Amino acid sequence: MKIRHLVHSCLLVEVAGRRLLIDPGGFSGDAVRGLGREVLAGIDAVLVTHQHPDHVDRALLDEVLGLATGAEVLAEPETADQLAEAAAGAPPVDPDRLRAFAVGDAHELPAQDGAAPLLIRAAGGRHAVIHPDLPQVGNTALLLQVGDGPRLGITGDSLEVLEEFVGIDVLAFAVVAPWSKMAETIDFLRAVRPRLALPVHDGVASPGGRAIYLRQATNLAPEGTEVRDWPADGVVEIPG
C-alpha cells in the first residue's frame with residue numbers, strides 16, 4: 001500500500017492495483033493537478049468524508065472526474081446530496097457515478113493484480129463540533145483493507161473513538177484543526193492506539209505551528225504508536 005499526502009487532508013492511496021483519491025479539497029488543487037494527467041486518469045474512485053470545502057473542491061473534483069472517466073465517487077450522504085446539484089460553477093456529478101456512503105456501508109473494488117479485492121467501509125457519522133451555533137454536518141470515516149493486509153483508517157474531521165480504529169495498522173488523523181485542541185488529539189491517539197499515525201488536516205497551520213502540534217502528538221503518543229511525519233516526497237509505503 002502506497003499513501004501519498006497531497007496537502008491538508010487529501011491522500012492518494014494505491015493498493016491492489018487500484019488508485020483512490022481521498023478528500024480533494026481547496027488546499028490541495030496544485031498538488032492534485034501536479035500528479036499529471038496520466039495518474040489522474042487512472043483513479044478508480046474518489047472518496048469524500050464530508051462537505052466542507054477543504055475536503056471537497058467542486059471545480060477540482062470536476063477536473064479529476066473529467067480525466068478519470070471510469071472513477072466513481074463515494075461521499076458522505078449529505079455531501080452526496082450536494083454533489084448531485086450544480087454548485088460553485090461546477091456541474092452536478094453524474095448520478096451513475098455518485099454513491100452516498102453512509103455509516104455501515106461497504107464497497108468492494110476487485111483487485112487488478114491478482115490480490116484479494118479492496119474493501120472500503122464507512123464508519124463514524126458526525127463532524128466534530130466547531131461551535132454550538134454552527135450545524136454539525138455529517139462525517140464518514142473510512143477504512144480500507146485488502147484481504148488480511150494492513151488496515152488504513154481515515155478519520156475525516158472527527159476525533160470520535162471508533163471501535164474500528166482501535167489498534168488499527170495505519171491511521172490518518174487530524175493533527176490540528178479549528179474544532180480541536182491538542183489535549184483532545186493526544187487523548188484520541190491514546191484511546192485508539194494505532195500502530196502508525198500519519199498527520200493530516202495540517203493546511204490550517206503555519207509551518208512553525210504545525211511543528212508544535214506534531215511534536216506534542218509524537219512525544220505524548222501511547223506506547224506502541226509511531227507518529228510519523230511525511231517524508232519530502234510525501235509518500236509512505238506500508239508493507240504487506
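Select strand S4, residues 45–48. Both of its faces are covered. Ala45 and Leu47 are buried on one side, Val46 and Val48 on the other. Buried here means under 20% relative accessible area, with a 1.4 Å probe and protein chains only. Strands are DSSP runs of E with at least two residues, helices are runs of H or I with at least four, and both are numbered from the N terminus. In a regular strand the side chains alternate between the two faces of the sheet.

A word on the model before moving on. This is a predicted model, in which local features need pLDDT of at least 70, side-chain atom pairs count only at pLDDT 80 or more, and totals for chains, interfaces and linings use all residues. Residues are numbered from 1 along each chain as its sequence is written, and side-chain values use heavy atoms, with hydrogens and water left out.

**Neighbours of S4**

Add strand S3, residues 18–22. S3 and S4 run parallel and share three bridges. Strands count as paired if DSSP finds at least two bridges between them. Show Leu20: its bridge partner in S4 is Ala45. Next add strand S5, residues 72–75. Four bridges tie S5 to S4, again in the parallel sense. Leu47 has Leu74 as its bridge partner in S5.

**The seven-stranded sheet**

Now colour the open sheet in the order S7-S8-S9-S10-S11-S12-S13. Its pairing is mixed. S7 and S13 are the edges: each has a single partner strand, so one side of each is left without a neighbour in the sheet.

Start from the S7 edge. S7 (106–109) and S8 (118–126) are antiparallel, with four bridges. Pick Arg121 in S8, the bridge partner of Ala106. Then look across to S9, where Leu143 stands opposite Arg121. S8 and S9 (138–146) are antiparallel and joined by nine bridges.

Jump to the other edge. S12 and S13 are parallel, over two bridges. Ala197 stands opposite Val227 in S13.

**Helix H5**

Select residues 182–192, helix H5. Which of its residues are buried? Thr185, Ile186, Phe188, Leu189 and Val192. They lie on the same side of H5, because they cover an arc of only 155 degrees around the axis. That arc is taken from the directions running from the helix axis to the C-beta atoms. Show what these buried residues pack against: strands S11 (170–174), S12 (196–200) and S13 (226–227), and helix H6 (207–219). Contact is set at heavy atoms within 4.5 Å. Just after H5 comes Arg193, with a positive phi near 50 degrees.

**Empty space**

Switch on a surface. On a 1 Å grid over the protein atoms alone, a cavity is a set of points where a 1.4 Å probe fits but cannot get out; a pocket is an open set with protein on both sides within 12 Å along at least five of seven lines; lining residues have an atom within 4 Å of a point. Points are joined across faces, edges and corners, and volume is the space filled by probe spheres set on them.

The largest pocket holds about 160 Å³. Select its lining: Pro150, Asp169, Val170, Arg195, Leu196, Arg228, Glu237, Ile238 and Pro239. Five are nonpolar, four charged and none polar. Nonpolar covers Ala, Val, Leu, Ile, Met, Phe, Trp, Tyr, Cys and Pro; charged covers Asp, Glu, Lys and Arg; the others, Gly among them, are polar.

Finish inside. There are three cavities of 30 Å³ or more, and the largest cavity has about 60 Å³. Residues lining the largest cavity include Ser9, Asp23, His55, Gly156 and His201. Its lining has five nonpolar, five polar and one charged residues.

Terms used. Buried < 20%, exposed > 50% of the residue type's maximum accessible area, 1.4 Å probe, protein only.
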